[in-house]
Amino acid sequence: MTNPAAMPYGRSPTLTRLLAESDLELRLLSGRPERVDRVMAGIHLTEVLDVDKWLAEGWVMMTTGVLLQRDPQAQRMLIRTLDSIDATGLGYCVDIVTRHVPAALLDEARRLNFPLFAMPLHIKARDVATRANRMILANDDTLFQQAQSTQDLFFENFDIGTAPEWLPERQLVSNLSAFLGLPVRFHANDGLLGSGSDPIGRILLTAPTHAPIKQRSGDDDLLIVPARVGAIFVGWVVVTVPREISDGQVALNTTIAVARLVALAVVSRKRPASSDRAVRQEVMGQLLSRGRASGSGGGDDPMRRLESAGTLSALQDLGFRPGEAVRGSVVDRVADNDRDARRPGFDAVIEALHRSAAPYAFLTTETTLTVMTQMPIEDLVAVLGGVDGYAVGIGAEVPGVVDLRRSVEQARSALDMSVPVAGSPARSRCVVFDDVPLSAWMIHHHSGAKERAARELSTLREHPAVFETVVVWFEVGMDVTRCAERLFIHANSVRYRLNKAEEYLHASLHDPAVIADLYLAMRVCGDL
């Protein structure tokens, strides 16, 4: 089916093409191919039978047959008249006045080989007319000449671009203002922090970044159009429109076109060598800000937000496969010495991701790199863990991009848990959330755990030999014989000390709950 929103230039708008639009369900009843393949000059829905006064050569008539029912002579006369003025065809809307195309009308059309087609009731006549007119207009050189003239106007004075203060986006905005005869300004998205005293700046702080809006400001309306290229957003083009201008469609359509050119100018000027990185960072920022928060309910549709912002199409451009799982990771710099502390950003990690040829997006801050990937966990560990000078936390796999924030939170948690308590050995280079022991996760996520654990162990600590025995007993998997070997004492001595521990704790070391509490307490306090 032809895309109704984009009719190709250079293809003749014939009746054959209109009939080929399968969603319109038009059915040809008569007419030789050479007659059906004639160019349409226009299309008109009318019930007037004196068509030679209203239609001209090349036109298509559509009718419901109100004045044709039970009048075979009028039916035949209509076909003869259309044929005589060299009309292109006749469309009959069935199931409105008559269930089928009237017999005399069809018979005369077949006798003269005149193109006659039927249109079902559930298809709106205006939709057929709109489709035909789009085909006709798409082949009209006048429209292209107008578009070229408008484009020439937008690019006026680009030959003075050698002046030091000249910027392409400023020139585009100036040309748009001249075209509309209205004040136009461009507001870059990175220039709004100090805009508290500017009323337009205050409005833009809450303006959407993916769709144009109209906002009242004093005695005027502000037409606010985001300037973006795909997922890259650079600011807003703002047109001040007086209230007395009721029809702002021309201003809207023209501003949308210029806003895209402004975005292209800003991106190409500011980041000519890093546009790929800019897209990946913009996409990651959109996912982290618009995706589903961890533990959020279902009253919102983050997928729709991401789709409207152009994020999903940008992800596909970056190689991400729709509907497949993704994984979040967090990378921190490790400053073991002054040289590592001065390490320039995360270029080494980003280059390693790029060499992997797997889809990835990222977002950087001064101290952290957040990454989204779509690759097997073994490959990801090899890529991220293979770069010296960085500590890596890798979250669990999540079903889709809307849940990325949950995986990133897990990655950060894994990275935080890799820092041992009580000053024990340095953190691991790469920690996978799914590989972190459940006990470690529980300890990490309970504030005040160390204080509580110290109280639980205080009684045992008053008896160093008993305490040491319990620690070693846990370390060897609660095996009395191995515990005795480690402590260079008899197994019966181990059993005696364990019995004393039960006495001090007023609890049995055969109780799983007691064992779990004691083990976790020793983990929290760094004894294990």
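Valine 524 belongs to helix 22, which spans residues 512-524, in a model that is predicted. The residue is buried, because its relative accessible area is 8% and burial means a value under 20%. Although valine 524 and arginine 452 are 72 residues apart along the chain, their C-alpha atoms are separated by 9.4 Å.

Confidence in the prediction should be kept in mind when reading what follows. The chain averages a pLDDT of 82, and 81% of the residues score at least 70. Over residues 1-10 the pLDDT is below 50, and this stretch has 20 contacts in the model beyond near neighbours in sequence. Residues 337-343 also have a pLDDT below 50, with 8 contacts in the model beyond near neighbours in sequence.

**Helix 20 and its surroundings**

Helix 20 covers residues 480-487, and within this helix Val480, Cys483, Ala484 and Leu487 are buried. These four residues lie on the same side of helix 20, because they cover an arc of only 100 degrees around the axis. In general, an α-helix has 3.6 residues a turn, so residues three or four places apart point the same way. The cover over the buried residues of helix 20 includes helix 19 (464-475) and helix 21 (491-505).

The packing of helix 20 on helix 21 can be described further: the two helices meet at an angle of about 105 degrees, with their axes 8 Å apart. Helix 20 and helix 21 are therefore roughly perpendicular to each other, since angles of 65 to 115 degrees are counted in that way. On the helix 20 side the contact is made by Val480, Cys483, Ala484 and Leu487, while helix 21 contributes Ala491, Val494, Arg495, Arg497 and Leu498.

Both ends of helix 20 have a local feature. At the N-terminal end, aspartate 479 acts as a cap, with a side-chain oxygen 3.0 Å from the backbone nitrogen of threonine 481. Just after the helix, phenylalanine 488 takes a positive phi of about 60 degrees.

**Helix 15**

In helix 15, which runs over residues 377-385, the buried residues include Leu380, Val383 and Leu384. They sit on the same side of helix 15, because the arc they cover around the axis is only 85 degrees. Glu378 and Ala382, on the other side of helix 15, are exposed. The buried residues of this helix pack against strand 10 (326-333), helix 14 (347-356), strand 12 (368-373) and strand 13 (390-398).

**Arginine 35**

Arginine 35 is placed in helix 2, residues 33-36, and is buried, with a relative accessible area of 15%. When residues up to four places away in sequence are not counted, arginine 35 touches Asp83, Asp86, Ala87, Thr88, Leu112, Asn113, Phe114 and Pro115.

**Positive phi in two loops**

Most residues other than glycine have a negative phi. Glutamate 25 and arginine 70 each have a positive value, as the table sets out.

| Residue | Phi | Loop | Relative accessible area |
|---|---|---|---|
| Glutamate 25 | near 55 degrees | between helix 1 (15-19) and strand 1 (27-30) | 41%, partly exposed |
| Arginine 70 | near 55 degrees | between strand 3 (59-63) and helix 3 (72-84) | 76%, exposed |

Arginine 70 counts as exposed because its relative accessibility of 76% is over 50%, whereas glutamate 25, at 41%, is partly exposed.

Note on methods. Residues numbered from 1 in each chain as written. Predicted model: local features only at pLDDT ≥ 70, side-chain atom pairs only at ≥ 80, totals over all residues. Heavy atoms only, no water. pLDDT = per-residue confidence, 0-100. Contact = heavy atoms within 4.5 Å. Buried < 20%, exposed > 50% of the residue type's maximum accessible area, 1.4 Å probe, protein only. Arc of directions from axis to C-beta. Polar contact = N/O pair within 3.5 Å; in protein donor to acceptor, adjacent residues only side chain to side chain. Axes fitted to C-alpha atoms, helices over the stretch in contact; angles between N-to-C directions. Parallel < 35°, antiparallel > 145°, perpendicular 65-115°, else oblique.
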